[in-house]
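Please look over the sequence and the model below before reading on. The report then takes up a few details in turn, beginning with a question.

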Amino acid sequence: MEFFWTGMDQNPKGGHFTRACSAKEEEEENTITTPMPDLDSNSDQAMSHPGRLRLKLLSFEEVEKFKYLGATVTNINDTREEIKRRINMGNACYYSVEKLLSSSLLSKNLKVRIYKTVILPVLLYGCETWTLALREEHGLRVFENKVLRKIFGAKRDEVTGEWRKLRNTELQALYSSPDIIRNIKSRRLRWAGHVARMGESRNAYRVLVGRPEGKRPLGRPRRRWEDNIKMDLREVGYDDRDWINLAQDRDRWRAYVRGAMNLRVP
């Protein structure tokens, strides 16, 4: 794949871009179209020195993680840090509306709506690309149960007469909507269907079906995003390995997405 860098000559009085240009750039033509070099390790033009990647006039520092479109991307493709960050941001939203959730002036239905419209969108931003293990699922459930306990309050024990916190099973009975894990699995399946129906020219599809070169390190392989998709489909009754062909049928795939949302798993 070839990429092109296009730079337009600017007025000398035209701001920061012109002041940043070198004298050599100003002497070039109005429009410059130059193919980018291949990013191989033997290219002197691509790598100026270890730790920095240089492409023509652009220089990029090698980092362990960075933010892209509001999500944290790591050099080892690990989503655990992004999930922890999202839980922290959800906590910040929770404490900002904590007084509303504990207020006796608001109905419980209204408090649940506040949770769904204020806290959940912040918590689940980008969850379609998460790879969840049991540890991450447990952390997300703990956060949701904390919010629900604040919404539904305490319960008087029938035997002792003392007030106590609601148990998880009692919270599930009171909270009629799908829990946070069901939300994530349904959104992840919906996004997987979109990617599977993309053409081969789309980068997202190429990443999905591509196979990286090299050998895996010793030990148990890490759980992949596609492994989560196959596990989600098995939960709703689809056990075939070729889920990409299944996703081409929009109606059938939509039925599995809805099944993932409505399925309750303890």
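With which residue does R86 form a salt bridge, and how far apart are the closest N and O atoms?

## Salt bridges within helix α3

In this predicted model, R86 forms its salt bridge with E82, and the closest N and O atoms of this pair are 3.2 Å apart. The two residues both belong to helix α3, where they are four residues apart, or about one turn of the helix. R86 is buried, because its relative accessible area of 5% falls under the 20% limit used for that word.

E82 also meets the side chain of R85 in a salt bridge, with a distance of 3.1 Å from N to O. R85 and E82 are three residues apart in helix α3, so about one helical turn separates them. E82 is itself buried, with a relative accessible area of 3%, whereas R85, at 21% relative accessibility, counts as partly exposed.

## A salt bridge between helix and strand

Another residue of helix α3, which covers residues 80-96, is E81. E81 forms a salt bridge with K65, and here the closest N and O atoms are 2.5 Å apart. Because E81 lies in helix α3 while K65 lies in strand β5, this pair ties together parts that are 16 residues apart in sequence. Both ends of the salt bridge can be described in terms of accessibility: E81 counts as partly exposed at 34%, and K65 counts as partly exposed at 46%.

## The hairpin of β5 and β6

Strand β5, made of residues 65-68, pairs with β6 in the antiparallel sense, and the pairing runs over four bridges. One of the residues involved is F66, whose bridge partner in β6 is V73. The two strands form a hairpin with two residues between them, and in the turn L69 has a positive phi of about 55°.

Which residues of strand β6 lie on its covered face, and which on its uncovered face? In this strand, which spans residues 71-74, T72 and T74 make up the covered face, while A71 and V73 make up the uncovered one. V73, the bridge partner of F66, therefore belongs to the uncovered face of β6.

## Salt bridges across the structure

The pairs described above can be set beside a search of the whole structure, which finds 17 salt bridges. Elsewhere in the sequence, salt bridges also link several residues into a network, whose members are K155, D157, R164, R167 and E170.

Note on methods. Residues are numbered from 1 along each chain as its sequence is written. This is a predicted model: local features need pLDDT of at least 70, side-chain atom pairs count only at pLDDT 80 or more; totals for chains, interfaces and linings use all residues. Side-chain values use heavy atoms; hydrogens and water are left out. Buried means under 20% relative accessible area, exposed over 50%, partly exposed in between (1.4 Å probe, protein chains only). Two strands pair if DSSP finds at least two bridges between them. A salt bridge is a side-chain nitrogen of Lys or Arg within 4 Å of a carboxyl oxygen of Asp or Glu.
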